[in-house]
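Thanks for making time for this one; please have the sequence and the model open side by side. I will start from a single side chain and then move to the interior.

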Amino acid sequence: MEKIYIVTAGDSFTDSHLPFISSDDFDSQRGLLEKLEYEPIELFQPDYSLKYQYYLIYELLKKNISFEYHNVGQGSAGNHVISHKYKNKIKELLDRGIDPKNIYGTIQLSGLARG
């Protein structure tokens with residue numbers, strides 16, 4: 001299977017403080033591995049310190065899928081900033097010659113009113 005490239009963007013719900021993780025670079029995984037000192041069943045519990053991205057990366061590593069994970073999430077970011085950072089990261093990957101069919105992205109836009 002070819003390497004996949006994952007881009008996530010959003011506000012504090014997406015910001016994992018781990019902007020880049022690669023299956024090819026153990027150093028980029030260090031912070032993540034500390035957060036994954038859970039039994040797999042515990043990953044489903046409502047623990048707000050465990051973001052969905054960590055579970056995704058855990059599954060990719062476990063299945064030996066080659067990937068690069070790019071998180072451009074930023075706490076307190078508005079929709080303009082979120083979409084701008086997302087588009088820039090996708091463009092950066094395309095400019096590197098990455099095949100668009102190998103790029104997967106999610107974007108979480110903020111609501112207009114927050115309570």
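In this predicted model, a polar atom in the side chain of Gln-108 lies 3.3 Å from the backbone nitrogen of Asp-11. To place Gln-108 along the chain, look at the segment that comes after β4, the strand covering 103–107.

Is Gln-108 buried, partly exposed or exposed? Its relative accessibility is 25%, and because buried would require a value under 20%, Gln-108 counts as partly exposed.

If we set aside the neighbours within four places in sequence, the residues in contact with Gln-108 are Ala-9, Gly-10, Asp-11, Phe-13, Thr-14 and Ile-82. Ile-82 deserves a second look, since 26 residues separate Ile-82 from Gln-108 in sequence, while their C-alpha atoms are 8.1 Å apart in space.

Two of those contacts, Ala-9 and Ile-82, also belong to the largest nonpolar core, a set of 11 residues that includes Tyr-5, Val-7, Val-72 and Leu-93. Two elements, β1 (4–9) and α3 (79–95), each give two or more residues to this core, and α3 supplies the largest share, with four. As a general point, nonpolar side chains in soluble globular proteins tend to be buried together.

Within that core, let me pick out Leu-93, which, again leaving aside neighbours within four places in sequence, is in contact with Tyr-5, Val-7, Ile-98 and Ile-103, and also with Glu-68 and His-70. Apart from this core there is another one, of 10 residues, with Leu-18, Ile-21, Ile-57 and Leu-60 among them.

Technical notes
Residues numbered from 1 in each chain as written. Predicted model: local features only at pLDDT ≥ 70, side-chain atom pairs only at ≥ 80, totals over all residues. Heavy atoms only, no water. Core = buried A, V, L, I, M, F, W, Y, C linked by side-chain atoms within 4.5 Å. Buried < 20%, exposed > 50% of the residue type's maximum accessible area, 1.4 Å probe, protein only. Contact = heavy atoms within 4.5 Å. Polar contact = N/O pair within 3.5 Å; in protein donor to acceptor, adjacent residues only side chain to side chain.
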